[in-house]
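Student: I have a chain in front of me and would like to learn how to read it. Could you take me through it feature by feature?

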Amino acid sequence: MSSALSFEEMQDKAVEAADFMRLFSTPSRLMLLCFIAQRERSVGEIQEELGFKQPALSQQLADLRQAGLVETRRQSRQVYYSICDGRVALVMNTLMQIFGEAAPTIDTPIALTGSVTLQSGGDAGSVMLGEMARWARLDKMD
């Protein structure tokens with residue numbers, strides 16, 4: 001069985017990937033996702049730590065929730081946000097490996113939604129987390 005995609009499948013996947021990556025397209029959105037990906041956060045924590053104004057934060061969180069990247073949990077009057085799409089954790093880990101020095105590891109124990117599969121072995125078609133950054137790394141040329 002071949003793991004190569006047909007041209008039509010690649011076109012479909014490219015559209016899907018571009019739509020997904022648009023969700024990471026602003027620095028504030030990246031900071032928000034990175035912060036939530038580290039662990040579940042309350043709206044108050046997010047406002048205090050990231051300095052977002054309430055209307056802007058509400059809009060960002062609503063967009064992420066509508067896109068299916070985050071989920072909420074209500075406890076009394078407090079609302080907590082967490083990542084619910086494993087692809088977000090992969091992207092955030094990869095970005096931290098590429099751009100961060102001594103960046104914290106994001107532990108989001110959730111299943112992937114989509115076609116990426118993670119396996120501990122090195123079988124064809126599997127992706128090991130340590131290799132993700134190596135594929136995406138672009139070193140500056142002198």
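What follows is a short tutorial on this chain, from its elements to single residues.

Tutor: This is a predicted model, where local features need pLDDT of at least 70, side-chain atom pairs count only at pLDDT 80 or more, and totals for chains, interfaces and linings use all residues. Residues are numbered from 1 along each chain as its sequence is written, and side-chain values use heavy atoms, with hydrogens and water left out.

Student: How many helices and strands does the chain have?

Tutor: Helices (H or I, at least four residues) and strands (E, at least two) are DSSP runs, numbered from the N terminus. Here there are 6 helices and 3 strands. Read from the N terminus, their order is α-α-β-α-α-β-β-α-α.

Student: What share of the residues is buried?

Tutor: Buried means under 20% relative accessible area, exposed over 50%, and partly exposed in between (1.4 Å probe, protein chains only). Of the 142 residues in this chain, 30% are buried.

Student: And how much surface does the chain expose?

Tutor: Accessible areas come from the Shrake-Rupley method with a 1.4 Å probe; for residues, only the protein chains shown count as cover. The chain exposes about 9800 Å². Carbon and sulfur atoms supply 54% of that area.

Student: What do the contacts say about sequence separation?

Tutor: Contact means heavy atoms within 4.5 Å. Take the contacts in the chain with a separation of 6 or more. Residues 24 or more positions apart account for 53% of them.

Student: Now the sheet. In what order do the strands lie?

Tutor: Two strands pair if DSSP finds at least two bridges between them. This open sheet of 3 strands has the order 1-3-2, with antiparallel pairing. Strand 1 (41-42) and strand 2 (70-75) are the edge strands, each pairing on one side only.

Student: Which bridges hold strand 1 and strand 2 to strand 3?

Tutor: Strand 1 is joined to strand 3 (residues 78-83) by 2 bridges. Arg-41 has Tyr-81 as its bridge partner, and Ser-42 has Tyr-80. Between strand 2 and strand 3 there are 6 bridges. Among the partners, Glu-71 goes with Ser-82 and Gln-75 with Gln-78.

Student: Is strand 3 enclosed or open?

Tutor: Strand 3 has 5 of its 6 residues buried, so it is largely enclosed by the rest of the structure.

Student: What is special about phi at Ser-76?

Tutor: Its value is positive, near 60°, in a residue other than glycine. Ser-76 sits in the loop between strand 2 and strand 3. That hairpin has 2 residues between the strands. With 68% relative accessibility, Ser-76 counts as exposed.

Student: Which helix lies across the sheet?

Tutor: For angles, axes are lines fitted to C-alpha atoms, for helices over the stretch in contact, and angles run from 0 to 180 degrees between N-to-C directions. Helix 2 (residues 27-38) lies across strand 1, strand 2 and strand 3. Helix 2 runs at about 95° to strand 3.

Student: At what angle do helix 2 and helix 4 cross?

Tutor: Angles under 35 degrees count as roughly parallel, over 145 as roughly antiparallel, 65 to 115 as roughly perpendicular and the rest as oblique. The axes of helix 2 and helix 4 come within 11 Å and cross at roughly 70°. That makes helix 2 roughly perpendicular to helix 4. Residues in the contact include Leu-32 and Ile-36 of helix 2, and Leu-57 and Leu-61 of helix 4.

Student: Are helix 3 and helix 4 perpendicular or oblique?

Tutor: Helix 3 (residues 43-50) and helix 4 (residues 54-66) pack at about 120°, with their axes 11 Å apart. They are therefore oblique to each other. Val-43, Ile-46 and Gln-47 of helix 3 meet Gln-54, Leu-57 and Leu-61 of helix 4.

Student: Which residues does Arg-65 contact?

Tutor: Leave aside its neighbours within four places in sequence. Arg-65 then contacts Val-70, Thr-72 and Tyr-81. Arg-65 belongs to helix 4 and is partly exposed, at 38% relative accessibility.

Student: Last, where does Cys-84 lie?

Tutor: Cys-84 lies in the loop between strand 3 and helix 5 (86-99). Its relative accessible area is 24%, which is partly exposed. Cys-84 and Gly-68 are 16 residues apart in sequence, yet 7.1 Å apart in space, C-alpha to C-alpha. Arg-65 and Cys-84 are 19 residues apart along the chain, with 9.2 Å between their C-alpha atoms.
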